[in-house]
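Subject: Structure for your review

Dear colleague,

Please find below the structure that I agreed to pass on to you. I would be grateful if you kept it open while reading the notes that come after it.

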Amino acid sequence: MSPPQGLAYFPGIDHLLSASITLGHGISPSSARMQIAPQASFTAEAGTLKFEYDGAAVEFPDCKVDRSGLARNERGEIIELSILDRRWKWRFGQISGKYNVWRDDSTIQAGEGGGPLADTERTPQELAALYLDAMGEEAYDVSELPNETRPPVDHDHDNPAEALADLCESQSCRVVLRLDNTVRIVRVGVGADLPQEFLLENSAAVNLPEKPDRIAVVCGPSFFEVDFPLEAVGLDVAAGSGDSQSDTIKPIDELSYKPAGGWSIADLPYFNNVGTGAGGEDVTGLRTLAVKSVFRYYRIMRPVNIPGFDASSEGQITRLEQILPVFEEQVRVATENFDRAPLAAAVFGVWYPGLDELGNTQTSLTPQGDFPPPGGPGGVSISPFYSRGFTIDAARGLVIFNEPVYQNSTPDAAAVTIAPAQLVLRTKCHVRDAETLATKRHVRGRSTGGNLGTPTRYIKRDEIVLTHVPTYDAASYGSFPAGGVDPRAVTAVATNLDEVDERCDRYIDLALEEYEQPLPRQVMAIGIRPIELDGAIGQVSYQVGPSGATTAVARNSEPSNLALAYGERRASESARRSAEEARKSRTSAAIRQIRRAVAAGRRAR
């Protein structure tokens, strides 16, 4: 007695010859292949695809015809149809929102204290639910998604399915469309055993993942808080003339217009003793440069010790490009307006306060505590911190003051003797290698147990940032760098290393799970078996035709003869996303070009 015929149904099909579908992990739709006899018309575009055999059936609602074409077999002409499961709809939709906003002090903006700040903290399971809701899904299970990490996301009309796939991949999970039409997030390598009844084939498979010898998490660029010594500099006219003439920045003692008697006799703030006109007029423009910059421009000195940076001798850097641009804030934080925010960059040192006081704020340069300090008598600050106006030119490592800043080198005399102030800029920076200019990042690694000589697999997590806050030795602080050495000693460097390593270890643990899979196996059973995909069962293939029906199941493997592997589908998804982003970019550029042309036409009229 011959076996019953395996059947497949789809709206509009009159006569089926054979059909097959291979279900797999991920957000891309599986594609059913149907061979049918030629027919006069085929009007259905979407509907339910059903596979049936001997009273057992599986159904796939909301499928869509992808393409069709004529082919030939031994019996003559046939029509081949490609039909996508309902995940084709996941290519549409949008998600917008910014979640898990990590501050530089390794805390998340979570709306603390009931204040006005948005609560951005979301667990991976909460993020997955947001994405699935945006995808229009109503029945889903995200309980297997690990919930320990807080990955930062910033979506602006992004595709929610792609966001879900990225999230799951970062947590060693996959998206699965189940036979009951619900969605489930599964852990890679975790799932049910293979069926053992009505087997035609049962064999071990070879599908070993490409395993590196080592896995490492690469953190975001490290932050270093530094007390940067500053030197007085000014603008000068560079060599050249006409259009080639430009201003350059030099230490004030190297300026071409330095008065013969030195800067101690400078006529502040007007610099009337700078300029060569017979009537005292500024015919050279040098006086203008002096008024603009002398005792107003202070630049970071080199060499400077970067506490916590050990890529060079004693952590010293000699090139400004290694630390530029600096930031306008410190690593240290304070709570203000219900939020934790970095303290603003501060300037302190030995400088003359002006007014009617001839003394310095302090007689020698020493490391200072947090800014701002309490005010002095009469509301006038006698703190070494400079509280008047200044800006930071981060790209050039300059502090530019709103008024001349200098010290009185003879505080006990009856008059002020002008000298460059001894100033320090406290701010944070990244540090680059002196040769490669690569940014210093903390790297946390672990062996996988492999020994095949493979390079390390690196996982970038820019939201994890190692910070350094030094404590300077007061006894060594009074001298400025000279002779190629920063003389200041550091007694301690406070870091968040323990917390950073703990967060890195969570991602390494998740990555290692991808390589801890049992021996892969494949089976083929007679009939239609309702086998669910999970973290271990990665492919289920149904095939029906005149000879009956079979169900092929692959556990911890993805046979290449059935469908594209998960990694290949993810690569295709990434390529499609890149192509879409490039298309949008070209469209935006074209619109901008049209707008410029229209504006130019209006101006011409």
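The notes below begin with the whole protein and then turn to two sheets and a helix.

Please bear in mind that this is a predicted model.

The whole protein

The protein has 605 residues, and 45% of them are buried. Its secondary structure consists of 5 helices and 33 strands. Where contacts join residues at least 6 apart in sequence, 68% of those contacts link residues at least 24 apart. The accessible surface is about 29600 Å², and carbon and sulfur atoms account for 50% of that area.

A sheet with a helix packed on it

As background, the strands of a sheet pair through backbone hydrogen bonds, and they do so in either a parallel or an antiparallel manner. One open sheet here contains 3 strands in the order β27-β13-β28, with mixed pairing. Strands β27 (441-447) and β28 (457-461) each have a single partner strand and stand at the edges, so one side of each has no neighbour in the sheet. From one strand to the next, the twist averages 20°. Strand β13 (residues 214-221) pairs with β28 in the parallel sense, over 5 bridges. Within this sheet, C219 has R461 of β28 as its bridge partner. Helix α4 (residues 497-513) packs on the sheet and touches β13, β27 and β28, while its direction makes about 45° with that of β27.

A further sheet

Another open sheet, also of 3 strands with mixed pairing, follows the order β8-β11-β10. Its edges are formed by β8 (140-141) and β10 (173-177); each has a single partner strand, so one side of each is left without a neighbour in the sheet. Strand β11 (residues 183-187) runs antiparallel to β10, and 5 bridges join the two. R174 stands opposite V186 in β11.

The helix α3

Which residues of helix α3 (residues 286-293) are buried? They are L286, R287, L289, A290 and S293. These residues cover an arc of only 160° around the axis, and therefore lie on the same side of α3. A general point helps here: an α-helix has 3.6 residues a turn, so residues three or four places apart point the same way. The cover over the buried residues of α3 includes β14 (223-237), β15 (247-251) and β16 (297-300). After α3 comes F295, which has a positive phi, near 65°.

Yours sincerely,
A colleague

Notes
Residues numbered from 1 in each chain as written. Predicted model: local features only at pLDDT ≥ 70, side-chain atom pairs only at ≥ 80, totals over all residues. Heavy atoms only, no water. Helix = DSSP H or I, 4+ residues; strand = E, 2+ residues; numbered from the N terminus. Buried < 20%, exposed > 50% of the residue type's maximum accessible area, 1.4 Å probe, protein only. Contact = heavy atoms within 4.5 Å. Areas by Shrake-Rupley, 256 points an atom, 1.4 Å probe, with all protein chains shown as cover. Pairing = 2+ DSSP bridges. Axes fitted to C-alpha atoms, helices over the stretch in contact; angles between N-to-C directions. Arc of directions from axis to C-beta.
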